[in-house]
Amino acid sequence: MPLLDVFYIIPVGIVLEMSPVAVGIIAFLGNFIMVLVFAMFFRQISEWRKKRREKKGKSEPSKRETRARHIWEKYGLPAFALLSPSLLGTDLAALTAILLGSSRIRVITWMGISLVIWSILMTVGSVYGLKYVNWI
């Protein structure tokens with residue numbers, strides 16, 4: 001559910017004059033729950049996705065998948081988890097990391113750390129950035 005990513009929800013919530021702390025926490029929890037769901041059901045989701053791609057006649061990896069694999073091979077899970085919200089979205093990044101061979105626990109841990117960092121950065125950046133441009 002890429003529309004629920006912290007990159008969208010936090011600035012929109014702050015523009016709508018909601019509490020920045022509440023928006024940050026809710027955005028984090030919404031994304032983290034999706035990471036947990038993808039980690040728990042990755043086999044079923046992977047099979048569904050594979051069938052869907054075959055049905056559409058796609059055999060080559062997408063640009064996003066190619067970029068994700070490059071980051072994965074070059075830097076590993078920690079860097080992938082920190083960079084992936086801006087490339088894939090946290091839910092697809094969690095699924096991709098598991099499919100690339102990481103354990104579920106490590107993926108959940110690193111994606112959680114990444115989400116905390118991004119949620120804080122987006123909340124603080126949105127509060128001060130939007131005040132700077134006089135949107136709120």
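**Entry 1: the whole chain**

I began with burial, and I noted that 36% of the 136 residues in the protein are buried. Since I am working with a predicted model, I looked up the confidence next, and I found a mean pLDDT of 83 for the protein, with 93% of its residues at 70 or more. Among the elements, helix 2 has the highest mean pLDDT, at 90, while helix 4, which covers residues 63-75, has the lowest, at 77.

I then looked up the secondary structure, and I recorded 7 helices and 0 strands, so that the order from the N terminus reads α-α-α-α-α-α-α. Along the principal axes, the C-alpha atoms fill a box of roughly 50 × 30 × 25 Å. For the surface, I wrote down that the protein exposes about 8500 Å², and that carbon and sulfur atoms supply 67% of this area. I also looked at contacts with a separation of 6 or more, and 68% of these come from residues 24 or more positions apart.

**Entry 2: Val21 and its patch**

Which residues join Val21 in a nonpolar patch on the surface? I found that Ile25, Leu29 and Ile33 form the patch with Val21, and that together they have about 380 Å² of accessible area. Val21 itself lies in helix 2, which runs over residues 20-40. I marked Val21 as exposed because its relative accessibility is 58%, and the cut-off for exposed is over 50%.

**Entry 3: Ser102**

I went on to Ser102, which I located in the loop between helix 6 (90-99) and helix 7. Is Ser102 buried or exposed? Its relative accessibility is 12%, and therefore I entered Ser102 as buried, given that buried means under 20%. I then listed what Ser102 touches, leaving out residues up to four places away in sequence, and the list holds Trp72, Leu77, Ala97 and Val107.

**Entry 4: Ser126**

My last residue was Ser126, which I placed in helix 7, spanning residues 104-132. Ser126 counts as buried because its relative accessibility is 6%. What does the side chain of Ser126 reach at 2.7 Å? I followed the side chain of Ser126 to the backbone oxygen of Met122, and I noted the distance of 2.7 Å beside it.

**Entry 5: looking back**

Reading my notes again, I have two serines entered as buried, Ser102 at 12% relative accessibility and Ser126 at 6%, whereas Val21, at 58%, is entered as exposed. Ser102 sits in a loop, while Ser126 belongs to helix 7 and Val21 to helix 2.

Methods:
Residues are numbered from 1 along each chain as its sequence is written. This is a predicted model: local features need pLDDT of at least 70, side-chain atom pairs count only at pLDDT 80 or more; totals for chains, interfaces and linings use all residues. Side-chain values use heavy atoms; hydrogens and water are left out. Patches are made of residues with over 30% relative accessible area and no salt bridge: like charges are joined within 9 Å, nonpolar side chains (Val, Leu, Ile, Met, Phe, Trp, Tyr) within 5 Å. Accessible areas come from the Shrake-Rupley method with a 1.4 Å probe; for residues, only the protein chains shown count as cover. A salt bridge is a side-chain nitrogen of Lys or Arg within 4 Å of a carboxyl oxygen of Asp or Glu. Helices (H or I, at least four residues) and strands (E, at least two) are DSSP runs, numbered from the N terminus. Buried means under 20% relative accessible area, exposed over 50%, partly exposed in between (1.4 Å probe, protein chains only). A polar contact is a pair of N or O atoms within 3.5 Å; within protein, one must be able to donate a hydrogen and the other to accept it, and residues adjacent in sequence count only if both atoms are side-chain atoms. Contact means heavy atoms within 4.5 Å. pLDDT is the predictor's confidence in each residue, from 0 to 100.
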